[in-house]
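Dear colleague,

Please find below the structure that I am handing over to you. My notes on it follow directly after.

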Amino acid sequence: MEKERSVSNPPLSIERAILSVSDKRGIVELAGGLRELGCDLVSTGGTGRTLQNAGISYTNLSKVTRFPEIMDGRVKSLHPMVHGGILSRRSLDADVVAKHGIGEIDLVIANLYPFEEMTVQPDCTLEQAIETIDIGGPAMIRAAAKNNEHVLAVVDPDDYMDVLARLKSNSVDREYRRAMAAKAFRHTAAYDAAIAQYLSDQIDFPEALNLAFRQRELLRYGENPHQRAALYTRYPATVGTIAAARQLQGKHLSYNNIVDSDAANACVQSFEMPACVIVKHGIPCGVAIGSDPAEAYRRAFATDRSSAYGGIIAFNVKLDRETLVEVIETQFAEVVLTPVVAPEAVEVAKRRKNLRLLETGFSHDRSDEMQIKQIDGGLLVQDADSIQMKSISTKCVSERQPSDQEKADLEFAWQVSKFVKSNAIVLARDYRTVGIGAGQTSRVVSVRIASMKAQDEKLDTNECALASDAYFPFRDGLDVAAQHGVTAVIQPGGSIRDEEVIQAANEHGMAMLFTGVRHFRH
């Protein structure tokens with residue numbers, strides 16, 4: 001049986017390899033190992049110089065093609081002597097190979113110009129981006145992957161040592177070549193997708209959506225233990241995001257940790273003053289602004305102490321030692337994340353070895369990015385909900401105008417409501433939440449829950465502001481809010497019963513602003 005398997009699945013004999021890499025990691029070690037195995041090497045200019053400096057003999061590609069590199073290197077490997085050698089079906093094409101003096105190539109080691117790294121640079125021009133689009137590299141990789149029956153395609157430096165080990169043990173069999181071919185096609189597909197995304201930047205919704213993400217890590221499990229999961233990120237990952245965050249200590253992040261951390265980071269980064277956001281199950285349970293991170297944390301935590309247990313704590317300013325001491329002495333947290341962590345704070349975190357401490361870097365404006373949500377059989381794509389209060393015109397529809405303090409509280413509550421699951425109600429006063437109602441199918445129930453949360457924490461709701469992510473369909477929501485001392489309301493308006501709702505506000509002496517902007521978050 002073993003003999004039959006070896007006959008039907010013969011290992012590949014590597015006699016000639018072509019090396020053309022932009023990422024030079026490990027290429028000298030790989031080339032040296034190939035030479036020790038008696039493999040002839042062919043290389044392009046830049047890779048060849050790396051080999052030459054390491055004292056490794058090779059044949060310049062121009063000698064194989066008998067044609068020089070031209071057009072500043074734009075054309076060098078696009079030649080029948082190269083692609084004929086890669087695509088040759090050995091015995092089937094033997095006559096053609098012999099007739100034209102083509103040397104067959106058994107191994108292609110190639111990776112591509114750093115297009116993504118170039119285009120994320122803030123000063124990258126269109127001309128620079130265009131010149132970083134690789135043509136010859138993808139062609140060689142695709143040719144080798146297509147002809148995996150006779151050729152091994154290698155695109156990842158992390159695979160080099162495995163390739164050498166397999167060559168030494170004569171175990172580069174058909175299954176391995178096909179697996180590497182699939183990886184090669186994923187490599188070129190992601191590369192093409194990145195280029196398509198960049199060149200389609202001015203097109204809001206192109207006719208085809210090409211997404212390029214790379215696996216960052218396999219997760220222990222998904223949303224539940226019976227589900228498998230992995231984290232994929234853009235390449236390079238965007239600074240200021242959870243995808244690009246650096247974990248300084250703690251257990252591996254779980255699927256739910258990542259989802260909740262992303263929600264906390266998005267909310268806290270929307271504030272300019274020092275802020276703290278505590279998230280549980282994807283919903284803020286406390287948000288506050290303070291003179292420093294410690295004060296912001298204390299005020300956020302006071303909103304809902306019980307829900308904060310096991311939550312995600314996010315800051316938008318540097319995390320200092322004193323603040324982290326207060327956090328770990330006050331509550332159990334799964335994750336603490338912040339743009340920058342003071343070295344002294346890292347030492348404090350070691351007191352809780354399982355606490356996950358993340359450093360995200362400072363965020364930049366991502367308001368032009370698309371949001372993607374998967375549904376069965378497709379994707380929904382939309383603009384990010386990045387609208388700010390300063391860019392809209394609010395209208396006071398009540399008899400009473402809001403005071404300056406009420407306006408500030410309304411704006412704060414409105415900002416938080418964008419990050420609360422619908423139906424969302426946020427009660428706030430003095431730049432902090434005092435009660436949050438989220439995820440209900442009835443808006444009046446959300447008002448009741450927000451008020452109940454405040455009562456549970458013995459927080460005073462008198463003269464507080466209320467933000468609603470969507471309009472009130474009935475006056476009952478305002479009636480309940482008034483019972484708990486709410487004096488100012490901000491909502492989009494637009495209900496067929498707006499007049500009834502306005503009348504309720506006037507009866508209760510409330511000030512009410514209409515924004516015309518809804519913040520549903522499903």
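**Overall architecture**

Residues 24 or more positions apart account for 58% of the contacts in the chain with a separation of 6 or more, a contact being a pair with heavy atoms within 4.5 Å. The model is predicted, so local features need pLDDT of at least 70 and side-chain atom pairs count only at pLDDT 80 or more, while totals for chains, interfaces and linings use all residues. Residues are numbered from 1 along each chain as its sequence is written, and side-chain values use heavy atoms, with hydrogens and water left out.

The chain has 20 helices and 21 strands; these are DSSP runs numbered from the N terminus, helices being H or I of at least four residues and strands E of at least two. Its radius of gyration is 30 Å, well over the 24 Å that the globule rule gives for 522 residues, so the chain is more spread out than a compact globule. That radius is taken over C-alpha atoms, and the globule rule is 2.2 Å times the number of residues to the power 0.38. Along the principal axes, the C-alpha atoms fill a box of roughly 95 × 50 × 50 Å.

Buried residues make up 48% of the 522 residues, where buried means under 20% relative accessible area, exposed over 50% and partly exposed in between (1.4 Å probe, protein chains only). The accessible surface of the chain comes to about 26000 Å², and 50% of it belongs to carbon and sulfur atoms. Accessible areas come from the Shrake-Rupley method with a 1.4 Å probe; for residues, only the protein chains shown count as cover.

**The parallel sheet and helix 9**

Five strands form an open sheet with parallel pairing, in the order 3-2-1-4-5; two strands pair if DSSP finds at least two bridges between them. Strand 3 (59-60) and strand 5 (152-154) are the edge strands, each pairing on one side only. Strand 1 (residues 16-20) pairs with strand 2 (residues 40-43) over four bridges in the parallel sense, and Ala-17 stands opposite Leu-41 in strand 2.

Helix 9 (residues 136-146) is largely enclosed by the rest of the structure, because eight of its 11 residues are buried. Among them are Gly-136, Gly-137, Pro-138, Met-140 and Ile-141. The cover over the buried residues of helix 9 includes strand 1, helix 5 (80-87), strand 4 (107-110), strand 5 and helix 11 (174-199).

**The mixed sheet and helix 12**

A further open sheet has six strands in the order 8-13-12-11-9-10, with mixed pairing. Strand 8 (246-249) and strand 10 (283-289) stand at its edges with a single partner strand each, so one side of each is left without a neighbour in the sheet. Neighbouring strands of this sheet are turned by 20° against each other on average, direction ignored. Strand 8 pairs with strand 13 (residues 356-359) in the antiparallel sense over three bridges, and Arg-246 stands opposite Glu-359 in strand 13.

Helix 12 (residues 255-268) packs on this sheet, touching strand 9 (275-280), strand 10, strand 11 (311-315), strand 12 (333-338) and strand 13; its direction makes about 150° with that of strand 9. Axes are lines fitted to C-alpha atoms, for helices over the stretch in contact, and angles run from 0 to 180 degrees between N-to-C directions. Ser-261 lies in helix 12 and is buried, with a relative accessible area of 0%. Not counting residues up to four places away in sequence, Ser-261 touches Ile-242, Ile-312, Val-335, Leu-337 and Leu-358.

**Cores and the C-terminal strands**

The largest nonpolar core has 42 residues, and those with the most contacts inside it include Phe-271, Leu-337, Phe-412 and Ile-490. Such a core is a set of buried Ala, Val, Leu, Ile, Met, Phe, Trp, Tyr and Cys residues joined through side-chain atoms within 4.5 Å. A second, separate core of 32 residues includes Val-82, Ile-102, Val-151 and Ala-190.

Strand 17 (residues 425-428) is covered on both faces: Ile-425 and Leu-427 on one side, and Val-426 and Ala-428 on the other, are all buried. It pairs in the antiparallel sense over four bridges with strand 18 (residues 433-437), and likewise with strand 19 (residues 465-468) over four bridges. Leu-427 stands opposite Gly-435 in strand 18 and has Leu-466 as its bridge partner in strand 19.

Leu-513, found in strand 21 (residues 511-514), is buried, with a relative accessible area of 10%. Leu-513 and Cys-396 are 117 residues apart in sequence and 4.4 Å apart in space, C-alpha to C-alpha.

With kind regards
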